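Student: I'd like to go through the empty spaces inside this one. Can we start with where the lining comes from?

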Amino acid sequence: MGTRPLPAPDPEALLAWYDIHRRRLPWRAEAGRRADPYHVFLSEIMLQQTTVKAVVPYFDAFLRRWPTVAHLADAPLEEVLSAWAGLGYYARARNLHACAKAVVARHGGRFPANEVLLLDLPGIGPYTAAAIAAIAFNLPASPVDGNIERVVTRLHAVEEALPKAKPRIRALAAELVPPRRPGDHAQAMMDLGATICTPKSPACALCPFSAPCRARAEGTMLRYPVKTKKAAKPERAAIAFLAVRADGAVLLRTRPDKGLLAKMTEVPATPWSASEGAIPADPARHAPVKAQWRALPGAVRHVFTHFALELSVWRADLPAGTPAPDGARFVLPRDFDAEALPSLMRKVLAHGGANRPPKRS
């Protein structure tokens, strides 16, 4: 018995659903109005591998501080990294800054209304270029994020596993783009995946694509998208040296200009090496200053994209007037927010009790 035919997906049904159920987001224009390209750009870079809930306060803070792409381009990178701290995947912040500079230098501070030219900007890949083209300029582009991948693979019951299936998913998604309101269509697809076609509990009865959905017809919604099983992440380990003066100031330094967490602020540490043999026999010899170092119980664990890191934390308490060694500085907890401290280093500070003022004697 062959597969029974289903009706073709109707983009107009999706747009009608979107007109009623669209999410209100700070970067999204009201119905009938064109989105600000800078707002779309900023939000799309921030939303990569991050949730809407986490992004909203960062987006609002960036706009207050840098209301236009020209303002962002003029900002020192260190300030941008500091404002980004806690949002993760810090290469995005560097790309954000580099792209702002390129928009000003190449296009007079205006994002080009052209998907090819957008793709030529630093830090903008196929998804972001398509998202800006569609949402900001209403061009017939087809951005495909994780939400849209889920909608499309269920709609067509795509059996090929990700990531190999991406080209076919992009082609299927592009076929859905209507000539009318392509920008709203792109946002409708995103909202559909985020609110109706969810990973574990899809609300198929409420979906405007319920009738043409092959996975719903077969009762296999949770099967899609099919994913290749990920290999276990490699393990790395190191020691973080938490030097705290009597006035509460903590010894910090800036990481190198290139590599993971480039130019971010860190607690001095040994190299992040493979777990086996990562911890030196005499850790105090590798400390940034001579002091009475003691190992704190427990450890700080942090998972990056390609590996997991476990930091043992050693602490030393120093007199208030202790000077910082070359390449480092003492920073008071009240000034931590001005530092580009990634989540990992904030965990280290909290683990060692160095993220609060010292107790008065």
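Tutor: Sure. Helix H9 (residues 146-156) gives the largest share of the lining of the largest cavity, three residues. This is a predicted model, where local features need pLDDT of at least 70, side-chain atom pairs count only at pLDDT 80 or more, and totals for chains, interfaces and linings use all residues. Residues are numbered from 1 along each chain as its sequence is written, and side-chain values use heavy atoms, without hydrogens and water.

Student: What makes the largest cavity a cavity?

Tutor: On a 1 Å grid over the protein atoms alone, a cavity is a set of points where a 1.4 Å probe fits but cannot get out, and lining residues have an atom within 4 Å of a point. The largest cavity has a volume of about 120 Å³, a volume being the space filled by probe spheres set on the points. Its lining has 15 residues, and Arg 154, Cys 197, Cys 204, Cys 207 and Cys 213 are the closest to its centre.

Student: Why is Ser 142 a lining residue of the second largest cavity?

Tutor: Ser 142 is in the lining, so by definition it has an atom within 4 Å of a point. Ala 141, Pro 143 and His 185 are also among the lining residues. That cavity has a volume of about 50 Å³.

Student: What makes helix H11 stand out there?

Tutor: Helix H11 (residues 182-195) gives the most to the lining of the second largest cavity, with three residues. Helices here are DSSP runs (H or I, at least four residues), numbered from the N terminus.

Note on methods
1 Å grid on protein atoms, 1.4 Å probe; cavity = no way out; pocket = protein on both sides within 12 Å on 5 of 7 lines; lining within 4 Å. Helix = DSSP H or I, 4+ residues; strand = E, 2+ residues; numbered from the N terminus.
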